[in-house]
Amino acid sequence: MEKDFLEHGLNFNRRRFLSKLSLGLGSVALGSLLIPDLFTGGMDESSLPPGIPDFAPKAKRVIYLFQNGAPSQLESFDYKPKLREMMGQELPASIRAGQRLTGMTANQASFPLVGSYYDFKQYGDSRAWVSDLFPYTAKVVDDICIIKSMHTEAINHDPALTFFQTGAQQGNRPSMGAWLSYGLGSENKNLPAFTVLLSRGKGNGQGVYSKLWTNGFLDSTHQGVQFSSGEDPVLYLKDPEGLNRFERRKMLDHLAKLNEISYQEFGDPEISAKVQQYEMAYRMQTAVPEITDLSKEPDDIIKLYGPDCLVPGTFAANCLLARKLSENGVRFVQLYHQGWDQHGNLPSEMAGQAKDVDQASAALITDLKQRGLLDETLVIWGGEFGRTNYSQGKMTKDNYGRDHHPRCFSIWMAGGGVKPGIVYGESDEFGYNVISNPVHVHDFQATVLHQLGLNHEKLTFKHLGRRYRLTDVSGKVVKDILI
Amino acid sequence: MRITFKGFAEHILFAANVFIVFLLAFEDKIGIPYWLQPFGRMHPMILHFPIVILMLAMLLESFRFKETYLKEPLYQNFTSGLLLSGTLFSALTVIMGLFLSKEEGYSGSLLQWHKWTGVSIVFVASIIYWCRNTSWYRVKLARIGAVATTLCIILAGHYGASLTHGDNFVLESVTGAKALPKVPVAEARIFEDVILPVFSQKCLSCHNLEKAKGSLMMHNVTALLKGGKSGKLFVPGKPEISLLLDRIHLPMDDKKHMPPKGKDQLSNEEIALLRLWVKGNAELKKKVVDLPVNDSLRLLASTFLAPSAAAEEKYAFAAADESAVKKLNNNYRIVYAVAKESPALAVNIYNKSEYKPEAVKELEAVKQQIVSLDLKGLPVHDEELKTIARFENLRELNLNFTNINGAGLKELQALKYLSTLSISGTKLNYDFVKQIGKIKSLQKLILWNTGLSESDLQQLQKSNPKIALISGFKDDGKHPIRLNQPRISTDVAVFKTSLALQMKHPINGVQIRYTTDGTEPDSLKSRLFDQSLLIKGNTTLKAKAYKTGWYGSETFSANFYKSSYQADTIQFLLPPEDKYSAGASKVLSDHQLGDYEINSGKWVGFRKNNMETLMFFRQPVMMQSVVLNVMRLVPTYIFPPVEVEVWGGSDKNKLRLLSKVKPEAIKNGAERALIKVEAKFKAQSISYLKIVAKNLKVLPQWHPGKGEPAWLFVDEIFLN
């Protein structure tokens, strides 16, 4: 954007130089030195960043199954028998080591440790521990890489979520999908490069806002496009009555001419972004219905994802839709499943949440694999932080809650050049601190970009006088988990 | 004789020499008490002093007999003092070192070399010190002694450094080559190039020919198979009962844990490698590439052999002409470089309706550069494979859900690099697929949902062991899953005379069976839903979905209420609470029921006042029952009314009390519920109806808000 404004300024300079100061060719040469493509025209799509990765990528696309609200690592992938042994005993201060608490438990007089209500078993060749809540995920454990040593900086949902998605706890920076769209462009010009799908479980939920899929200071073509969770994922795709395809084309052509005039006058790059969005919408009219039509999926697929995959707005349906979008070249498909904030009633609420997502998440892995797509699609499953090893509020034998915990939690990744069937990182026996191979959120982000062929230190955008990156000023690629 | 400082030091040196000899002689019999261990551990600190001091002393010593220096008392005294203190320091260092060597974790030939070169420094330097003033000690001898001591220092230093920092510490970053595999993955053998190196890195130092701890030697196959004094190392195929893995998995503090505490431990990957190797029958001859592509052992072994991110593929061809690439790009065909400065191109083609075979033909302009081609979902026929076969550098080809039947697959034999072929969702003819092995470079074949039978697939895998066949998920019918509930077409729960209902289910071919009498539906006797269901009175509908191959769904349940009359006006004699009064005069008879969301606009809330409404009917109606639909949500102070009075008549000012109901008091711990409070009376004609519902004015003692008034929430009044 900066460049475009500068170019616009220089356009006036060029005119002034040529007409009034008669410096002639000298200033033209200077201008083209400053902006190499100064004379190649303004609104041509080819002047956009070409979208070529820095190095050959392992993954071409990402599907991010965000578990919004933060699922407990202690009832999913981080097996801690010690917590059951020490049920009800106080969390040792030496383990907590001054960790700040949320307002919800800061005044709690005691911190009684609580073990998982659900049993764990080992699965697959990797012998990874998975809780009984995730029987389907357990079956694909040899295809995924479980990271048990994630840690973050924020302790509340919104900042933590924003941090995961944009690399900063405050809003207004571009989301990961927007960065990828900016860095790599779209694979399929008939679909947006970054789409967002929402679903909601019955558990205690936390909001998701459109700032999570914002383009921030990047061009607005990189913004995430939210699909509606109703029967019609994209609204107003049909031409209005009385307007056929040909008329629509003519209308868009005229509109583009008008926009071109106003672009010449003001030089605002948002005008050209708008024109491209109109064009994209036109092409989406034919591309989208084919993709969002789930009714032609074979029976095996319905059994694989579970019967909910045909009920619009469920996580299962979104997983299936995500596969179809990704298969058709959408660079980044972002899912959010709400309802993972179990401050109380954890055993029963989490069972419901797990039931919502387990089968479909595992199905997505199997489905991508049987289409030969898993190698080039990176699938990520996880929340914004973990949950405490002690109970929030009253604890009974079969009911307890867990508060937010940023210091240690688990996520999993699959495909896209990530080693299958490994467990990375370890937490202490209380499941409170990371004791080996810590992975910070910025490390995670750097790794995702790396798998798509982008160097996280080079993917920058200059805004308000400084260069911004997704990983801010840190982040190391976690090479250990890569093939 | 007055003891000088120097004389005292000389005595100490002698004593130290004797002590060292003693230590060396009785090495095996001495144990170092724990309080002396810190002394031994200071060895790496102190050792720098003798090195520097002795080196300097030896330098001075070799020039000591020079004419000019002979007459310098300072030179002579300084040299002698320096030599003495250096020797003393080296003696001290050696004693510390000998102590340290008694601690756990030090053994091996490197230590022996270090020990003896170190000890010789002390002895040689001591001899020099004691002999240096004799008559036969001249220039030549002095120089030989100096060189010998220096040599010993260098050697001892070198061995010592190798002990602490490992071999090749200094040059590691420069040579680096050690880290890289000597054997390329393609040629590596599982045992020799993967498993044995793990043993030699982590086990061999204690289990070798010279030092076979536990009588176990691990330097070659025969020794390994023999095992040690506790028995054989492993049972092929059974890692769970193999001694090797048993020892590795013992807790760190266990005496029998291997490698012993303090030694370099096995990494998780190495443990997994060993486990998978034993599980795979402890194979001794196979190559890594002989294993199936997706085999865990193969994957791990490949990473082990090429640990750093597998090098980017280098292509031997030149980049395509930029303008040619640009010309090929359009809205439905994307041709892009795989990476910056890479000549390789990837091509995706989209949109079924726009596709023509020319879209592939035109790619011949860049036929050398295409390494990946994605044609999934397009009406591609076997004919086009002839064109594709000319893309000589193609690595990945995606033909999922195209119209091929496999007849053209033989054309692909011309592709020398094709490694991944996806043909899922196509209607393949097995006779064509059989020949797939002729594509020599093929590593991965994805053919889910292709109509090939299970036996075809097995046969194919058998005749092509090197190709990873991915046949994906096929429901075998053995693990049915539960259907989801059927859904109804309406959210109206209250009706005037009758209600026509539709039920539907997202999955095709599902049967919906239902009851209207409150009993559980079953798959045989209950009525089958067909098109529409007409409800005429208060009804509890229960429905379940059934389909062969699935478990029946959980019961869907919904209640429908009849409310024959709708009042023409509703007037509140006492106002409801502001926050919950939106549209209050309508919602009580709008035929819409609320859920537990009190802000939904479907509820009217009272707290300060009782509910007192007056309803007016222009046409008098025959009425005998009034039902209030109220909420019970105890934690949020929401209670049903304590008393309901119904007044009625034909004159607004002469209403009679028709009925008075006192619902049961709420007990502590009552679950949330939507409750119907019914007031019945003799059927009579009504024009005006007044309903008074009294909220609980004082919350009971057990409630957190004891003493305060409770809320009353009403969402609908049914009149019959």
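This talk describes a predicted model with two chains, A and B, taking confidence, then each chain, then the contact between them.

Colleagues, a word on conventions: residues are numbered from 1 along each chain as its sequence is written, while chains are lettered from A and ligands numbered from 1 in the order in which they are written. Because the model is predicted, local features need pLDDT of at least 70 and side-chain atom pairs count only at pLDDT 80 or more, whereas totals for chains, interfaces and linings use all residues.

I begin with confidence. The model scores ipTM 0.83 and pTM 0.71. At the level of residues we have pLDDT, the predictor's confidence in each residue, from 0 to 100. Its mean is 87 in chain A, where 89% of residues reach 70 or more; in chain B the mean is 86, and 95% of residues reach 70 or more.

Where does pLDDT stay under 50 in chain A? It does so over residues 16-50, for which the model has 31 contacts beyond four places in sequence. Here two residues are in contact if their C-beta atoms, placed from the backbone, lie within 7 Å. In chain B, pLDDT stays under 50 over residues 176-180, with 1 contact beyond four places in sequence. Where pLDDT is low, the predicted coordinates should not be read in detail.

I turn to chain A. It has 13 helices and 17 strands; these are DSSP runs numbered from the N terminus, with helices being H or I of at least four residues and strands being E of at least two. Among these elements, helix H2 (residues 25-34) of chain A has the lowest mean pLDDT, 44, and strand E8 (residues 377-382) of chain A the highest, 98.

Of the 483 residues of chain A, 51% count as buried. A residue is buried if 20 or more other C-beta atoms lie within 10 Å of its own, exposed if 12 or fewer, and partly exposed in between, the C-beta atoms being placed from the backbone. Residues 24 or more positions apart account for 76% of the contacts in chain A with a separation of 6 or more.

Strand E7 (residues 332-338) of chain A deserves a closer look. How many of its residues are buried? The count is 7 of 7. A:Phe332, A:Gln334, A:Tyr336 and A:Gln338 point one way from this strand, and A:Val333, A:Leu335 and A:His337 point the other way. Strand E7 of chain A pairs in the parallel sense with strand E1 (residues 61-67) of chain A over 6 bridges, and likewise in the parallel sense with strand E5 (residues 194-200) of chain A over 7 bridges. For two strands to pair, DSSP must find at least two bridges between them. A:Gln334 illustrates both pairings: A:Tyr64 stands opposite this residue, and so does A:Val196.

By contrast, is A:Glu265 buried or exposed? This residue, in helix H8 (residues 245-266) of chain A, is exposed because 10 other C-beta atoms lie within 10 Å. Its C-alpha atom is separated by 60 Å from that of A:Ile435, 170 residues apart along the chain.

Now chain B. Its secondary structure comes to 20 helices and 23 strands. The radius of gyration, taken over C-alpha atoms, is judged against a globule rule of 2.2 Å times the number of residues to the power 0.38. For chain B the radius is 46 Å, well over the 27 Å that the rule gives for 720 residues, so chain B is more spread out than a compact globule. Along the principal axes, its C-alpha atoms fill a box of roughly 145 × 85 × 60 Å. Of the 720 residues, 32% count as buried.

By an automatic or database domain assignment, chain B is divided into domain 1 (5-173), domain 2 (190-202 + 214-302), domain 3 (313-470), domain 4 (487-562) and domain 5 (569-719). The centres of domain 2 and domain 4 of chain B, taken over C-alpha atoms, are separated by 61 Å.

Chain B also contains an open sheet of 5 strands in the order E9-E16-E15-E12-E13, with mixed pairing. Its edge strands are E9 (494-495) and E13 (527-528) of chain B, each pairing on one side only. Strand E15 (residues 539-546) and strand E16 (residues 556-562) of chain B pair in the antiparallel sense over 5 bridges, and B:Ala543 stands opposite B:Phe556.

Finally, the contact between the chains takes 39 residues from chain A and 39 residues from chain B. On the side of chain A, helices H9 (269-292), H10 (299-305) and H12 (346-370) each supply at least two residues, with the largest share, 4 residues, coming from H10 of chain A.
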